[in-house]
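Work through the exercises below with the sequence and the model open beside you. Each task is followed by a solution that goes step by step.

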Amino acid sequence: HWNAEAQRMRKSTPGAADINAALDKVESIVLEVFRRFRTEGRPLAPEKFRAEVDTQWKDKLAPAVKETTLFEFWERLVEERKVSPNYGRTTYKAYRTGLHKVQDFAKSSRRRVDFDSINLDFHALFSAWMSKQDYSPNFIHKVFAVLKVVMSEAADRGLHTNMAFRSPKFTVKTFQPEHVYLTESEIAALAALDLPRGGRLDKARDLFLVGCYTGLRFSDYSMLKPENISVFDGVEMLTIQTRKTRTRVSVPIMREARALLDKNGGLPPVAITNQKLNQALKEICRAAGIVEPVRIVSIRGGQRVETVSAKGDLVSSHTARRSWSTNEYLRALKDGRGWRPIMDILGINKEATFFRYVKVSQEQVAAL
């Protein structure tokens, strides 16, 4: 009784007129729902499609299907990352910071921000807004990188079909900032500095030097425990799982690092906050004579800014990792060794990432 070409009952079939009229009606409803959602640029998941058709077909209100917003999903993802063993605290904080910045932009500009509004127009407005807030290009790049991950994850879960964020233009160019590192002689000057034993500056100096002698991040060298110390094949090691990348790394304990441990009764120096360490380092570096003027170029508010500061004022907790990386790299070049083992100790896989830590001028390499 079916006409495959017309997709209707054959007219000669009893009751065909009523059935075909119903099929005409349902076809009209389906096309109307589809066209309306496509015109509005809204995602139309199967369950939503069914609810919309049912509303009109049955001439009654279908149960409301609550659509998850971008901010609701982002907040949920932040909590998922927070408790997941596969993500470190730094990643969780980046997700949370990105969410807050997009929310601030939406509130400040009085714009509706949701899955369907994330496009190149949003990119232009949001990046300009962050530049006016005096955020660096690298910070803005990180916020967009997190936003893209959130949009991709939401698309995989069927929450939207907007793929504009995958445009190669949906990013911000990074700017390689200039950072200082401490030479071996400057590190030795810090170690030789006569400070009141057990005082605030003495503790801060010893903690920072552990970073200079191991290449660990502050989040790792500030949280060392006795159980991180072991001996393998006659070599004393610090072995940890890094907090940022969850990578297991082993670092040989240098003679200078062993002296610091012995000074503290065989234990790693007492941890202090990153802020307190950075404040103390400026005092310590000045006392050690690390005051060479350094010209730094940065990008602020979309403008190139040059400043001159004493080198010691530019030293921070992360300078320890750059110093170890750079000094080990220079030793490797001088001895004719490769730098891959240095990358392995740092827990770095990509050379481009490694060379962001290595602060060596062409003159230094040529002089070796």
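**Exercise 1: Pockets and cavities**

The second largest pocket has a volume of about 310 Å³, where a volume is the space filled by probe spheres set on grid points that are joined across faces, edges and corners. The model is a predicted one, in which local features need pLDDT of at least 70 and side-chain atom pairs count only at pLDDT 80 or more, while totals for chains, interfaces and linings use all residues. Residues are numbered from 1 along each chain as its sequence is written, and side-chain values use heavy atoms, with hydrogens and water left out.

Task: Find which residues lie nearest the centre of the second largest pocket, and describe what lines the two cavities of 30 Å³ or more.

Solution. Begin with the terms: on a 1 Å grid over the protein atoms alone, a pocket is an open set of points with protein on both sides within 12 Å along at least five of seven lines, a cavity is a set where a 1.4 Å probe fits but cannot get out, and lining residues have an atom within 4 Å of a point.

Step 1. The second largest pocket is lined by 16 residues, and those nearest its centre are Pro43, Glu67, Thr68, Phe115 and Leu159. Its lining divides into five nonpolar, three polar and eight charged residues, where Ala, Val, Leu, Ile, Met, Phe, Trp, Tyr, Cys and Pro count as nonpolar, Asp, Glu, Lys and Arg as charged, and the others, Gly among them, as polar.

Step 2. The largest cavity holds about 50 Å³ of space, and around it stand Val210, Leu224, Leu238, Ile253, Ala257, Leu261 and Pro268. By class, this lining has seven nonpolar, no polar and no charged residues.

Step 3. The second largest cavity has a volume of about 30 Å³ and is lined by Gly41, Pro43, Phe115, Asp116, His160, Thr161 and Asn162. Its lining is made up of two nonpolar, four polar and one charged residues.

**Exercise 2: Helix 8 and its partners**

Task: Place Phe208 and Asp202 in helix 8, and work out which residues make the contacts of this helix with helix 12 and helix 10.

Solution. Helices (H or I, at least four residues) and strands (E, at least two) are DSSP runs, numbered from the N terminus.

Step 1. Phe208 lies in helix 8, which spans residues 200–214, and its relative accessible area of 1% makes it buried, a word that stands for under 20%, with exposed meaning over 50% and partly exposed in between (1.4 Å probe, protein chains only). Not counting residues up to four places away in sequence, Phe208 touches ten residues' worth of surroundings that include Leu182, Tyr221, Leu277, Thr319 and Ala320. Contact here means heavy atoms within 4.5 Å.

Step 2. The axes of helix 8 and helix 12 (residues 319–335) come within 7 Å and cross at roughly 30°, where axes are lines fitted to C-alpha atoms, for helices over the stretch in contact, and angles run from 0 to 180 degrees between N-to-C directions. The contact is made by Phe208, Gly211, Cys212, Tyr213 and Thr214 of helix 8 together with Thr319, Ala320, Arg321 and Trp324 of helix 12. By class, there are five nonpolar, three polar and one charged residues in this contact.

Step 3. Asp202, also placed in helix 8, is buried at a relative accessible area of 4%. Leaving aside neighbours within four places in sequence, Asp202 is in contact with Leu195, Pro196, Arg197 and Lys263.

Step 4. Helix 8 and helix 10 (residues 255–263) pack at an angle of about 145°, with their axes 9 Å apart. Asp202, Arg205, Asp206, Leu209, Val210 and Tyr213 of helix 8 meet Glu256, Ala257, Leu260 and Lys263 of helix 10, and this contact has five nonpolar, no polar and five charged residues.

**Exercise 3: Two loop residues**

Task: State in which loops Arg110 and Asp233 are found, and decide whether Arg110 is buried or exposed.

Solution. Step 1. Arg110 is found in the loop between helix 4 (89–109) and helix 5 (120–132), and at 80% relative accessibility it counts as exposed. Although Arg110 is not a glycine, it has a positive phi of about 55°.

Step 2. Asp233 is found in the loop between strand 3 (229–232) and strand 4 (235–241). Asp233 counts as exposed at 71% relative accessibility, and it has a positive phi of about 55° although it is not a glycine.
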